[in-house]
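Colleague: Please take one part of this model and look at it closely. I would like the ligand surroundings, with the contacts spelled out.

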Amino acid sequence: MAHSILITGGAGFIGSHVVRRFLDAFPDAHIVNLDALTYAGNLENLRDIEDNPRYTFVKGDITDAELVDRLFGEHGFDGVVHLAAESHVDRSIADPLAFVHTNVIGTVVLLHAAKKHWGEQTDGKRFYHVSTDEVYGTLGAEGLFTEDTPYDPRSPYSASKASSDHFVRAWYHTYGLPVVLSNCSNNYGSFQFPEKLLPLAIRNIRDGKPIPIYGDGKYTRDWLWVVDHARAIEVVYRDGVLGETYNIGGFNEWQNIDLIHLLCKVMDRKLNRPEGESAKLITFVKDRPGHDKRYAIDAGKIADKLGWKPSVTFEQGLEKTVDWYLANETWLEHVTSGAYKQYYEKQYADR
Ligand code: NAD
Ligand code: DAU
């Protein structure tokens with residue numbers, strides 16, 4: 001019988017890359033994508049694979065326990081790759097309850113269904129929870145997050161993700177559910193919703209609009225190309241040791257302001273603008289409350305134990321990303337019309 005995998009949040013940014021990767025990497029697998037199609041979910045992200053006979057899309061909410069239970073019964077999932085989440089820190093500051101609902105309750109609903117349907121028959125089964133480096137809190141100038149760094153979440157988003165991680169581990173220790181987790185740094189690449197820094201800046205530069213930089217711009221993030229994250233998820237799903245966690249990152253730290261200067265240079269070249277033109281759009285705005293100073297991942301464990309490392313340099317990944325956004329204006333127009341327009345006006349109005 002075919003291997004059956006439930007991917008949640010497969011219509012989102014990372015999820016769509018994971019669906020594509022898993023269809024290629026697991027040729028005997030049937031993939032069911034459960035996604036509520038919130039503002040961040042978009043079936044246009046999956047146009048190229050939507051007719052694949054090994055792929056089924058289900059529009060639904062992970063907090064809908066009846067639906068999740070029915071899907072487990074109908075499809076007999078061997079694996080779950082759980083990505084569905086509310087994912088934007090700024091939105092979590094404005095509307096924390098939505099994050100608790102989806103990220104915490106939704107995860108527990110999935111764990112509960114997996115335990116019920118798998119029972120003691122856990123051979124070949126795997127519940128993979130995709131999480132974030134933000135659960136570890138914030139770093140000073142030195143040091144890296146390892147898998148042993150104590151949790152210290154500081155935004156409603158990271159607190160909800162930390163909570164979901166704890167529940168996943170509780171189901172492993174208490175009920176023997178075969179779980180594996182990973183915590184990844186900032187992703188960038190195609191299909192990322194333009195509320196996040198890089199696609200937002202690409203779009204604003206293209207349109208000659210201000211690039212909003214929070215605070216002094218000296219906040220540091222560790223950037224990884226989304227396709228490399230999807231490759232890492234495949235490797236951890238295949239070979240990760242049950243009960244264990246793998247940190248995933250690019251060993252690629254940038255202060256926001258330096259990153260944006262680099263992006264401006266690339267954009268000037270792509271848009272045939274004189275060098276320095278796009279950088280004039282940089283605008284320092286009011287800081288994000290509770291803004292974490294620095295994230296940086298030690299991805300040594302996944303490299304040593306599972307042989308994963310990024311496939312592209314940051315410069316290569318950034319070029320591909322800029323090219324993709326400039327070539328996919330219709331996608332950008334579709335996702336930025338309507339509700340996103342209102343969000344943008346509200347989010348940046350008093351900054
Ligand atoms: P995203 O916001 O682009 O996509 C989230 C997807 O989940 C969307 O398709 C949305 O429709 C769906 N969704 C939201 N609520 C749902 C619900 N209640 N039921 C069903 N579907 C629902 O997010 P992303 O950036 O692709 O992140 C995916 C996962 O990876 C998240 O769990 C996030 O915490 C984690 N992560 C993201 C990053 C990053 O840099 N983006 C880094 C590390 C980890
Ligand atoms: O570290 C992994 C996390 O990365 C993921 O878990 C989250 O889902 C994902 O959204 C991302 O969180 P960040 O808060 O780091 O990403 P964001 O793109 O929102 O911001 C990146 C940095 O840029 C951060 O320091 C805030 C800053 N920023 C962001 C926006 C949207 C600005 O300076 N201006 C902006 O307009």
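Modeller: Ligand 1 comes first, then ligand 2, then some helix packing.

The model is predicted, so a local feature needs pLDDT of at least 70 and side-chain atom pairs count only at pLDDT 80 or more, while totals for chains, interfaces and linings use all residues. Residues are numbered from 1 along each chain as its sequence is written, chains are lettered from A and ligands numbered from 1 in the order in which they are written, and side-chain values use heavy atoms, without hydrogens or water.

Start with ligand 1. Its shell holds 28 residues (each has a heavy atom within 4 Å of the ligand). Ile 14, Asp 35, Ser 87, Tyr 157 and Lys 161 are the closest. By class, the shell splits into 13 nonpolar, 12 polar and 3 charged residues. Here Ala, Val, Leu, Ile, Met, Phe, Trp, Tyr, Cys and Pro are nonpolar, Asp, Glu, Lys and Arg are charged, and the others, Gly among them, are polar.

Which elements line ligand 1 with at least two residues each? They are helix H1 (13–25), strand S5 (126–132), helix H5 (156–175) and strand S7 (186–188). S5 gives the most, with 3 residues. Both kinds of element are DSSP runs numbered from the N terminus: helices are H or I, at least four residues, and strands are E, at least two.

Now the polar contacts (N or O pairs within 3.5 Å). Three involve nitrogen atoms of ligand 1. Asp 61 brings a polar side-chain atom to 2.9 Å. Ile 62 uses a polar backbone atom instead, at 3.0 Å. Thr 102 returns to the side chain, at 3.1 Å. On its own, ligand 1 has 830 Å² of accessible area, and the protein covers 96% of it (Shrake-Rupley method, 1.4 Å probe).

Turn to ligand 2. Here 23 residues form the surroundings, with Thr 132, Asp 133, Tyr 157, Arg 288 and Tyr 348 nearest. Tyr 157 is thus named among the closest residues for both ligands. The class split is 10 nonpolar, 7 polar and 6 charged. Strand S8 (residues 211–214) contributes the most, 3 residues.

Ligand 2 makes its listed contacts through oxygen. A polar side-chain atom of Tyr 348 lies 2.6 Å from an oxygen atom of the ligand. Glu 134 places a polar side-chain atom 2.8 Å from an oxygen. Asn 186 does so with a side-chain N or O atom, also at 2.8 Å. The protein covers 95% of the 690 Å² that ligand 2 has accessible on its own.

Last, the helices. H6 (residues 197–207) and H8 (residues 256–270) have axes that come within 11 Å and cross at roughly 40 degrees. That makes H6 oblique to H8 (neither under 35, over 145, nor 65 to 115 degrees). Their crossing is right-handed. H8 also packs with H10 (residues 314–327), at about 55 degrees with axes 11 Å apart. This pair is therefore oblique, and H8 passes H10 in a right-handed crossing (near helix turned clockwise from the far one by less than a right angle).

Notes
A polar contact is a pair of N or O atoms within 3.5 Å; within protein, one must be able to donate a hydrogen and the other to accept it, and residues adjacent in sequence count only if both atoms are side-chain atoms. Axes are lines fitted to C-alpha atoms, for helices over the stretch in contact, and angles run from 0 to 180 degrees between N-to-C directions.
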